[in-house]
Amino acid sequence: MRRRQIVGAAAVLALTTTALPAPALADPVTGLPATSFPLGAPGIPKYTSKTLAPGVSYFSVGHGSSKDGYTVSVVVAGKDYMSEAAAQEQAAAVEAAGLTPTVVAFTRPAVADYPAANGWMVRVGSWPLSGKADAAEVVKQLKDAGVSAKVDFQGDDGFITTGPWRVRVIVVDPKAFRGSFRSSLGTSVAKREKVSAMASSAKAIAAVNGGFFDIHTLPAFRGDPTGISVVGGKLLSEAVPGRVGLVLKGRTARVTELSSTVTAKASDGAATEVTGLNRVPKPDELVMYTEELGRATPADDGVEAVLDASGTVTAVRDPGAAVARGTRVLHGVGAAADWLWQHAAEGTRVAVTTRVTDMRTKKAVPLTPQTNIIGGAVGLVRAGRTAITPGRDGMANTNMILRRHPRTLAGVARDGRLIIAVVDGRAPGSTVGASFFEAAALMRWLGARDAINLDGGGSSTMVVGKKVVNHPSDGVERGVGDALLITP
């Protein structure tokens with residue numbers, strides 16, 4: 001059978017990377033920007049609006065129509081994109097199974113810190129939304145022939161689409177708002193918790209999920225943020241140096257790159273770096289646990305020094321016990337355990353100093369009770385221009401950059417307004433989600449001068465009052481690592 005090759009199928013999204021100035025958000029009485037929605041066919045989106053509190057406006061936005069259907073995509077090593085040689089090999093295997101393949105060539109556009117790359121996909125057939133079962137039969141036929149494949153909704157692939165998009169937006173004007181912004185890790189750092197529960201506990205006006213959390217660690221520690229977290233002025237998770245974050249203080253917000261340092265200095269003058277906070281240690285690491293951990297420390301072959309509020313070592317113990325209220329625990333393994341044995345005997349003192357640095361200004365961020373920071377994010381917009389940074393922020397792959405997913409986005413306008421948005425996705429025929437390029441274009445359209453991508457996928461959740469107002473893609477609300485709260 002003859003193979004057809006489609007070249008440039010993702011010529012795509014170039015319009016979302018132009019450096020056009022972001023329009024100012026309109027007054028809530030008149031609605032969103034009076035310009036075309038930045039995604040899909042030109043047109044003013046449909047929306048409803050509501051005032052949640054003085055200075056806090058909520059919008060439900062819809063745009064586009066459903067024209068995408070299903071296809072079958074061949075999968076190699078867990079990915080639906082591959083080299084040209086691999087694509088031709090897989091296409092031959094599809095032909096041998098008695099089916100007609102299409103080899104799709106595409107280019108993933110360059111972003112601020114990651115170069116463009118070419119990729120190839122092998123696809124079989126095309127069906128409307130009502131034809132998903134027929135596509136599944138083809139997947140079974142390919143499986144029987146030894147070819148791995150999946151049913152693939154074409155609206156997810158990051159190529160040109162008509163949508164539709166369903167977006168929830170909250171805009172907070174600090175000139176009229178009299179409450180504050182907060183971050184929350186819920187009842188503990190280690191445990192994941194629903195945004196609605198964190199919002200309810202804080203009696204929040206509204207809330208969204210925060211940054212990414214560590215799904216690759218021990219199950220009991222999977223609420224740990226994968227980057228910086230500051231709650232009420234207390235550093236509870238260390239920064240990944242240079243990764244972007246959202247710094248909140250009172251009712252002000254700003255986006256910047258951050259680093260953190262934690263140093264332990266013994267009374268004999270010996271000093272060492274504390275490389276982790278409230279997470280499972282790596283070999284030879286010194287990790288500090290705070291009472292916010294919310295569970296016993298990891299049980300391993302290291303050693304722990306328990307510090308009281310003054311820094312006095314009240315006990316040296318085996319790992320695997322709780323962190324008592326008002327204490328901190330230094331947990332060392334390997335070389336770090338040796339350091340504790342040598343310099344942190346019971347009755348001695350260990351001073352722990354913490355610093356968070358704004359890498360744009362090179363100045364320390366004051367850790368006052370009003371300071372909250374949400375990290376684990378990916379940069380989208382800087383100084384009004386698209387500046388997507390997945391390389392620096394640990395998300396440099398085609399799946400994250402190009403394909404559409406549910407997204408939670410946060411940004412700050414030139415006049416200080418906080419803009420948060422949740423784009424629902426993974427709902428064929430209803431809403432397609434957004435790529436990083438589309439997320440950046442959306443935030444610029446909403447007026448953000450700086451913006452970041454928070455955790456997405458099944459984590460994307462917006463709560464207004466006591467109600468989840470979007471449609472999480474898992475079908476139910478997921479427990480997450482942290483949340484951004486707007487409180488009275």
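In these legends to a predicted model, a residue is called exposed when its relative accessible area is over 50% and buried when that area is under 20%, with partly exposed in between.

**Figure 1. Helix α2, with its exposed and buried residues.** Ala-133, Lys-143 and Asp-144 of α2 are exposed. On the other side of the helix are the buried residues, Ala-135, Val-138, Val-139 and Leu-142. Seen down the axis of α2, these buried residues fall within an arc of 105 degrees, so they line one face of the helix. They pack against two kinds of element: the strands β4 (70–74), β6 (117–127) and β7 (149–153), and the helix α1 (84–96).

**Figure 2. Length of α2 and the residue that comes after the helix.** Helix α2 runs over residues 132–144, which makes 13 residues. From the first C-alpha to the last, α2 reaches 19 Å, close to the 18 Å expected at 1.5 Å a residue. Just after the helix comes Gly-146, with a positive phi of about 85 degrees.

**Figure 3. Helix α3 and what covers its buried residues.** Helix α3 spans residues 195–202, and its buried residues are Val-195, Met-198, Ala-199 and Ala-202. The arc they cover around the axis is only 100 degrees, which puts them on the same side of α3. Among the elements that cover these buried residues are β9 (180–184), β10 (193–194) and β11 (206–209). The cover also includes β30 (462–464), β32 (479–480) and β33 (483–487), from a later part of the numbering.

**Figure 4. Lys-203, in the loop between α3 and β11.** Lys-203 follows α3. Its phi is positive, near 55 degrees, in a residue other than glycine. Most residues other than glycine have a negative phi. The relative accessibility of Lys-203 is 66%, so the residue counts as exposed.

**Figure 5. Arg-426, in the loop between β28 and α6.** The flanking elements are β28 (418–423) and α6 (436–445). Arg-426 is not a glycine, yet its phi is positive, at about 60 degrees. With a relative accessible area of 40%, Arg-426 is partly exposed.

**Figure 6. The cis peptide bond between Gly-163 and Pro-164.** Omega of this bond is about 5 degrees. Most peptide bonds are trans. Pro-164 is placed in the loop between β7 and β8 (165–172).

**Figure 7. Ala-176 and residues from an earlier part of the chain.** Ala-176 lies in the loop between β8 and β9. Its relative accessible area is 32%, and Ala-176 is therefore partly exposed. Leaving aside neighbours within four places in sequence, Ala-176 is in contact with Pro-54 and Gly-55. The C-alpha atom of Ala-176 is separated by 8.2 Å from that of Val-56, although the two residues are 120 residues apart along the chain.

**Figure 8. The largest cavity and its lining.** One cavity of 30 Å³ or more is found in a search of the whole structure. The volume of the largest cavity is about 50 Å³. Its lining is made up of Asp-80, Tyr-81, Phe-106, Met-121, Asp-157, Phe-159, Thr-398, Leu-402 and Arg-403. By class, the lining has five nonpolar residues, three charged and one polar.

How values were computed: Residues numbered from 1 in each chain as written. Predicted model: local features only at pLDDT ≥ 70, side-chain atom pairs only at ≥ 80, totals over all residues. Heavy atoms only, no water. 1 Å grid on protein atoms, 1.4 Å probe; cavity = no way out; pocket = protein on both sides within 12 Å on 5 of 7 lines; lining within 4 Å. Points joined across faces, edges and corners; volume = space filled by probe spheres on them. Nonpolar A, V, L, I, M, F, W, Y, C, P; charged D, E, K, R; others polar. Helix = DSSP H or I, 4+ residues; strand = E, 2+ residues; numbered from the N terminus. Expected span 1.5 Å × (residues − 1). Buried < 20%, exposed > 50% of the residue type's maximum accessible area, 1.4 Å probe, protein only. Arc of directions from axis to C-beta. Contact = heavy atoms within 4.5 Å.
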